[in-house]
Amino acid sequence: MGEGGWVDGVLSKGKKMDFFHGEFGCPVCVKDVLAIIRALTSRWISEGNQMQLLLDVGGPDRVSRVQRVEAVVDFRGCNTPLIKAVSASSVDRGIKSPADISMNITKLVQTLNFSPT
Ligand SMILES: *[C@@H]1O[C@H](CO)[C@@H](O)[C@H](O)[C@H]1NC(C)=O
């Protein structure tokens with residue numbers, strides 16, 4: 001999880017931070033992405049012809065931004081009072097950001113016989 005290091009930095013400084021509770025995604029381990037690319041590449045090469053396949057890639061859990069941070073905090077065993085869950089609509093970020101970019105990885109798991117981290 002790329003967020004681990006960044007969250008560690010914020011929490012170790014004892015800063016209070018706001019995180020959105022209404023935006024969802026499926027954080028994915030970078031090693032899983034590499035394994036998926038490797039599996040698809042070797043299948044493509046061994047089959048020797050073009051492959052047309054559309055797969056959603058993501059981690060196994062649909063979580064909000066604040067849940068991701070809480071998971072890092074739980075893992076590190078520190079306190080959570082510095083984390084505040086806020087609505088994504090409470091902040092104008094100057095861009096439209098989709099509320100849910102979670103992925104359905106059923107097809108990925110079936111196609112590559114893959115178990116996500
Ligand atoms: C995920 O995709 C599978 C087919 O790949 C489908 O059967 C299933 O209903 C989907 N799940 C959700 C929650 O949409």
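A residue is called exposed here when its relative accessible area is over 50%, and buried when that area is under 20%. Keep those cut-offs in mind, since most of what follows uses them. The model is predicted.

I'll start with helix 3, residues 65-76. Its 12 residues should span 16 Å at 1.5 Å a residue, and the end C-alpha atoms are 17 Å apart, which agrees. Which residues of helix 3 are buried? They are V66, R68, V69, V72 and V73. These residues cover an arc of only 160° around the axis, so they sit on the same side of helix 3. On the other side, D74 and F75 are exposed. After helix 3 comes G77, with a positive phi near 70°.

Just ahead of that helix in the sequence is strand 3, residues 63-64, which contains S64. Is S64 buried or exposed? Its relative accessibility is 2%, so S64 counts as buried. Setting aside neighbours within four places in sequence, S64 is in contact with F20, H21, E23 and F24.

Now helix 2, which runs over residues 30-47. With 18 residues at 1.5 Å each, helix 2 should span 26 Å, and its end C-alpha atoms are indeed 26 Å apart. D32, I36 and L40 are buried in this helix. They cover an arc of only 70° around the axis, which puts them on the same side of helix 2. As general background, an α-helix has 3.6 residues a turn, so residues three or four places apart point the same way. What covers the buried residues of helix 2 includes helix 4.

The other side of helix 2 has V30, K31, L34, R38, I45 and S46 exposed. Two of these, V30 and L34, join I37 in a nonpolar surface patch of about 300 Å². I37 itself is in helix 2. At 48% relative accessibility I37 counts as partly exposed, because exposed requires over 50%. For a patch, though, the cut-off is over 30% relative accessible area. Helix 2 is followed by G48, which has a positive phi near 70°.

Last, one residue in the segment after helix 4 (106-112), namely N113. N113 is not a glycine, yet its phi is positive, about 50°. N113 has 71% relative accessibility and therefore counts as exposed.

To recap the two helices: V66, R68, V69, V72 and V73 are the buried residues of helix 3, while D32, I36 and L40 are buried in helix 2.

Note on methods:
Residues are numbered from 1 along each chain as its sequence is written. This is a predicted model: local features need pLDDT of at least 70, side-chain atom pairs count only at pLDDT 80 or more; totals for chains, interfaces and linings use all residues. Side-chain values use heavy atoms; hydrogens and water are left out. Patches are made of residues with over 30% relative accessible area and no salt bridge: like charges are joined within 9 Å, nonpolar side chains (Val, Leu, Ile, Met, Phe, Trp, Tyr) within 5 Å. Accessible areas come from the Shrake-Rupley method with a 1.4 Å probe; for residues, only the protein chains shown count as cover. A salt bridge is a side-chain nitrogen of Lys or Arg within 4 Å of a carboxyl oxygen of Asp or Glu. Helices (H or I, at least four residues) and strands (E, at least two) are DSSP runs, numbered from the N terminus. Buried means under 20% relative accessible area, exposed over 50%, partly exposed in between (1.4 Å probe, protein chains only). Contact means heavy atoms within 4.5 Å. The expected span of a helix is 1.5 Å times one less than its number of residues. The arc is that of the directions from the helix axis to the C-beta atoms.
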